[in-house]
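Trainee: Before we turn to the details, may I put some questions to you about the structure shown here?

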Amino acid sequence: MNFLNKSLSKVLFVLFSLAFLSMLLQPLTNSGFVEPISVIILAISLFFVLRWIYQKLSTLNQKKLKIFAFVLIVFIVLTEILWAMNGHAELFGDPWHIQVQAERLFKGQTSWDIWILQYPNLVPLVGLELAFMKTASFLHISFYGVFYTYNIIISSLIWILVARLLWQKKPFLSVFSLLIIFCSPVLSGFLVQVGYSDGLAILSLLIIVSIFDKAVQKGRFTFLEFLASLIIFAVAYLARPNVIVSLVAILIIGILAYWKKEKYLNIWKICLYMAIAFILGIIFATLANHLIAKSIGYNLNNPHVFPIWNWVYESLNLKSGGEWGPTDRDYTLFHIGYSSSKAADIAGIIQRLKTYNLLLIPLFFIKFATLWSEGTFEVGSDYTLFNYRYNWTHAPAFITENIGSINIFWEIVLKALMALLLFSIAYSLLKKKKDLTSSYGFMLLIIMGVSIFHTFIWEVKPRYQFMTIGLLLIVGLLNLDSIFGDEKISIFKQDFNWKKFIKIFVPVASVLSLLSMSTIMQLQPKQKIVVTAQQHPADNYGYSKDVLKVSPKETIYQEFELSTNANQIEWQTGTTGPLTLKIQKNSSENWSDFDSHTIKTENTTADQVNQIFNSNMSAGQYRLAIYNPNSVTVGIRAMLNPIALDYPYLIKLPNGQTASLGFVISQSKEVSKYPFVMISFFAILFLVINIFIHKW
């Protein structure tokens, strides 16, 4: 049994070492190319900074730590509220389709979004957002009032539970974690703005680990804990079926404990009961999914459903690196009907296995590296970055103008932080010989279980690893705690002079990093600055049937606000006749004509409309005045009386309804993601780091 324990420890060491190297050195992210040398410099610097903070916090008594923890939790929640109130980017993909379908059901429509028909795993989330809409209607508040409140509660509970689990180990580590979370707002930003299923999955895993940890400490598993495990796992399974890896993880821990029953007493029984709870949770979730589907009129066996083999087929695409892509989706769609598409996907899997053969080995490495390539785990862009640009409904000027640089900055900082946490885990597995038959081992197995699942079985993207962020913070900080106390960190040789190496490496690396930022990094695609946008009313997915009728000589108005200057309007609203578009500016409570353009006739869906108008606008309040100069009524494709529309300015119709058009207002000149100001900032930062290193 010792052999199995040691073998598992070595396997985990190899996997976490690969994750560390990928996080540290992989430059390609969805935010753009990250300068890798800067990540290494910041990772080294963060080690010393965090160790200093660690040492200061470790001297505080529990009363002071409680005060610090409370203050930090308040600040984290306030940050989340600020996210909800200010920086709103338009959603696309799954979250958008879910909201569209929930709105249809709320309005009593029986038609189904084809995307939801194809992906029935989204049905529970449709039911959840439908519940939000009904709650908002009952309380006479907006849908987003409920949506953001729910997301803030989930996000806050995640961070509080991380802190609570660490408090049980070492109280000052709890405060340490809250400080890191507060200084990494982009992680909360995704949970609050996008919501989706990630928050539920993260929170559920933390609760499951908390239940297991408490049961192990007591040495018994109560019926209430069994019931809680069943319900929480069922919720997690409904949100993200890949949580099934935690069932495998608990079985592995149970097997390890069973073979040394005299040492671990009842742990193997706790694992067995928890595994049974998880299995019953899967059954419960399946039944619940059928009930939800039936209650909202969804046919789980509709002919458009994608077979589960589709994701396995996508995962074996060497060209895409195992990531989802339209080519593989179209391949499945081409074979109409569930049986036909299932047979096609299975045939495609067999063909790729035969064709790639030994090339599957580098493919698996690529997929694993993808999961551990981004410090933000793609949460800075996934479902908010459309056509490689952020389409803001509204955001502060600084964020709007510098979103490309901001995303790159957070990638650099969080890649460095995550690399440090992964290093601490790998180093501890190599040197500290920690007991894996515990909640610690359970967390490690879940984290890497998700990686292995997506590496060898499922399609992959960095965000899939985000569901383990809570567990990663806990085990990462526990291991940082164990290495911060070491006077020497030895990896290769005991007598290796790390201090001398760092004093030489950091100055040289700083110069190389700045040179790379000024040259190589400038070659990547530049950032399109979108100041405000509202594409979805005209439905860029092509499903909208709503038409707003404008009578002869009638003018309709839609306001918009610019936090900074813009000079380009991309008109994305189809019309049945030519219209006159006037841009009017509000000054001293009066609207005055600012510019005028002619909208051409394009009686088609919005995804085929893209008329460009140039108009130099400074920051301020404006409105689009759409005038019908014709003698006949003209139809405009729009979203009428929208519920799931996160836009502050809508058209108010005489019948009391509201509407919105489709447009993108931006700056025509694209900007570098590594501008002079950002390079200058890093130059100053590197200078401070080098001064500190020199005095060390």
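The exchange below concerns a predicted model.

Trainee: Which helix gives the most residues to the largest nonpolar core?
Mentor: The largest nonpolar core has 186 residues. Phe-16, Phe-176, Tyr-298 and Trp-372 have the most contacts inside this core. With 17 residues, the element that gives the most to the core is helix α20.

Trainee: How many residues has the other core, which lies apart from it?
Mentor: That other core includes Leu-579, Ile-599, Ile-636 and Ile-651. Its residue count is 29.

Trainee: Is Ser-516 buried or exposed?
Mentor: Ser-516 has its place in helix α23, residues 498–518. Leaving aside neighbours within four places in sequence, Ser-516 is in contact with Glu-35 and Met-521. The relative accessible area of Ser-516 is 10%. Buried means under 20%, so Ser-516 is classed as buried.

Trainee: Which helix supplies the largest share of the nonpolar surface patch?
Mentor: The patch covers about 810 Å² and is made by Ile-67, Phe-70, Val-71, Val-74, Phe-75, Leu-78, Ile-81, Met-85 and Phe-182. Eight residues, the largest share, come from residues 62–85, which form helix α3.

Trainee: How is Val-74 classed: buried, partly exposed or exposed?
Mentor: Val-74 is in helix α3 and is one of the residues that make the nonpolar patch. Its relative accessible area is 34%. Because that value lies between the 20% and 50% limits, Val-74 is partly exposed.

Trainee: Which side chains of strand β9 are buried?
Mentor: In a regular strand the side chains alternate between the two faces of the sheet. Strand β9, residues 555–562, shows such alternation. Thr-555, Tyr-557, Glu-559 and Glu-561 point to one face and are not buried. On the other face, the buried side chains are Ile-556, Gln-558, Phe-560 and Leu-562.

Trainee: Which residue of β14 is the bridge partner of Glu-561?
Mentor: Strand β9 runs antiparallel to strand β14, residues 620–627, and eight bridges join the two. Within β14, the partner of Glu-561 is Gln-621.

Trainee: Which strands are the edges of the open sheet of three strands?
Mentor: The order in this antiparallel sheet is β16-β18-β17. An edge strand here pairs on one side only. The edges are therefore β16 (639–640) and β17 (651–652).

Trainee: Which residue of β18 does Lys-652 stand opposite?
Mentor: Strands β17 and β18, the latter residues 658–660, pair in the antiparallel sense over two bridges. Opposite Lys-652 stands Thr-658.

How values were computed. Residues are numbered from 1 along each chain as its sequence is written. This is a predicted model: local features need pLDDT of at least 70, side-chain atom pairs count only at pLDDT 80 or more; totals for chains, interfaces and linings use all residues. Side-chain values use heavy atoms; hydrogens and water are left out. Helices (H or I, at least four residues) and strands (E, at least two) are DSSP runs, numbered from the N terminus. Buried means under 20% relative accessible area, exposed over 50%, partly exposed in between (1.4 Å probe, protein chains only). Contact means heavy atoms within 4.5 Å. Patches are made of residues with over 30% relative accessible area and no salt bridge: like charges are joined within 9 Å, nonpolar side chains (Val, Leu, Ile, Met, Phe, Trp, Tyr) within 5 Å. Accessible areas come from the Shrake-Rupley method with a 1.4 Å probe; for residues, only the protein chains shown count as cover. A salt bridge is a side-chain nitrogen of Lys or Arg within 4 Å of a carboxyl oxygen of Asp or Glu. A nonpolar core is a set of buried Ala, Val, Leu, Ile, Met, Phe, Trp, Tyr and Cys residues joined through side-chain atoms within 4.5 Å.
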